[in-house]
Amino acid sequence: MFAKDLIYLNNHDLVLENNSKINEIREGIKDGQVYIFKNVLPKEKIALIKNYLTQVGQNSLPNYKKIEAGCPNFHRINIWDARSYVLCCFHQFTFFPWNQDIFSMFNLFKKAYELRNLVNGNPREKFLGIEPEDGCIGRLSFQFYPSGAGGMNKHLDPVDHHQLAVPMMMMTKKGIDFNKGGAFVEKENGQRLIIDDFTDYGDIVYFNAQIPHGVDKIDPDSELNWLSFKGRWIVIFAVNKLFNNANIKDAVDLEKEEVF
Ligand SMILES: [Fe+2]
């Protein structure tokens, strides 16, 4: 269960109908393999979404909300907030399947979620309805990591009935939108594999959630400006437990002092 080399896959949609390929990918992820599905969403569509979220972020107040049935879509800023399970610094935009939104996000990303479910060993449409299932819900989490401050501590995410891997889609490209840092997975020898060094706009990345991973600080030498929205964007196809579900473990921060 350690990070090995990357495997690139084309034709994301075709894999949905290929059970043996899905099983192969699932076993590879269990074994520590990292998979990258190339070019799942066009760059132009990604630009429209980023532009919209930027305007929302620039012109309305960020607020935290706990995850529960019927929760409104919202955005929030997390600046190394000590109340988080995993310390991080980002601006997050959250969408739930029971709220309608102008991009019909859960329709736009339906196939991505279906593949997530199948790879993780769940029924194709699970967690995508308008009610929670087994104490969990689908949640689209757009994350903006600003140049000069964005990052996330090394951590482990829970692996349980709801997930083995937590896929994310890249919405920026290192070398164009930012120059340093990005998502990393830690290999068995302690070396960090920087995933953003190998990805482009619209690529979806899968890896085992129990591999130590995080986000190396984005452009640490740059000056921070939250309003410029210059930095790194991703969207995570999350399935999260409801705030009061104690059956699934919490994510574990491997850098917080109290862990040691
Ligand atoms: Fe994570």
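This briefing covers an iron site and two further residues, H12 and S228. The structure is a predicted model. Its iron ion has H155, D157 and H213 as protein donors. H12 is a buried residue, while S228 is partly exposed.

**Iron site**

- The iron ion is bound through NE2 of H155, OD of D157 and NE2 of H213, at 2.0 to 2.2 Å.
- Along the sequence, these donor residues follow the spacing H-x1-D-x55-H.
- H155 has a relative accessible area of 4%; this is under 20%, so H155 counts as buried.
- D157 is also classed as buried, because its relative accessibility of 17% falls under the 20% cut-off.

**H12**

- H12 belongs to helix α1, which spans residues 12-15.
- The relative accessibility of H12 is 5%, and H12 is therefore counted as buried, the limit being under 20%.
- A polar contact of 3.3 Å joins the side chain of H12 to the side chain of D13.
- Beyond its neighbours within four places in sequence, H12 touches F37, V40, K111, A112, L115 and I204.

**S228**

- S228 sits in the loop that runs between strands β11 (213-216) and β12 (231-241).
- With a relative accessibility of 38%, S228 is partly exposed, because the value lies between the 20% limit for buried and the 50% limit for exposed.
- S228 is separated from D197 by 31 residues in sequence, and the C-alpha to C-alpha distance between S228 and D197 is 23 Å.

Methods
Residues numbered from 1 in each chain as written. Predicted model: local features only at pLDDT ≥ 70, side-chain atom pairs only at ≥ 80, totals over all residues. Heavy atoms only, no water. Donors = N, O, S within 2.8 Å, 3.2 Å for Na, K, Ca; no water. Buried < 20%, exposed > 50% of the residue type's maximum accessible area, 1.4 Å probe, protein only. Helix = DSSP H or I, 4+ residues; strand = E, 2+ residues; numbered from the N terminus. Polar contact = N/O pair within 3.5 Å; in protein donor to acceptor, adjacent residues only side chain to side chain. Contact = heavy atoms within 4.5 Å.
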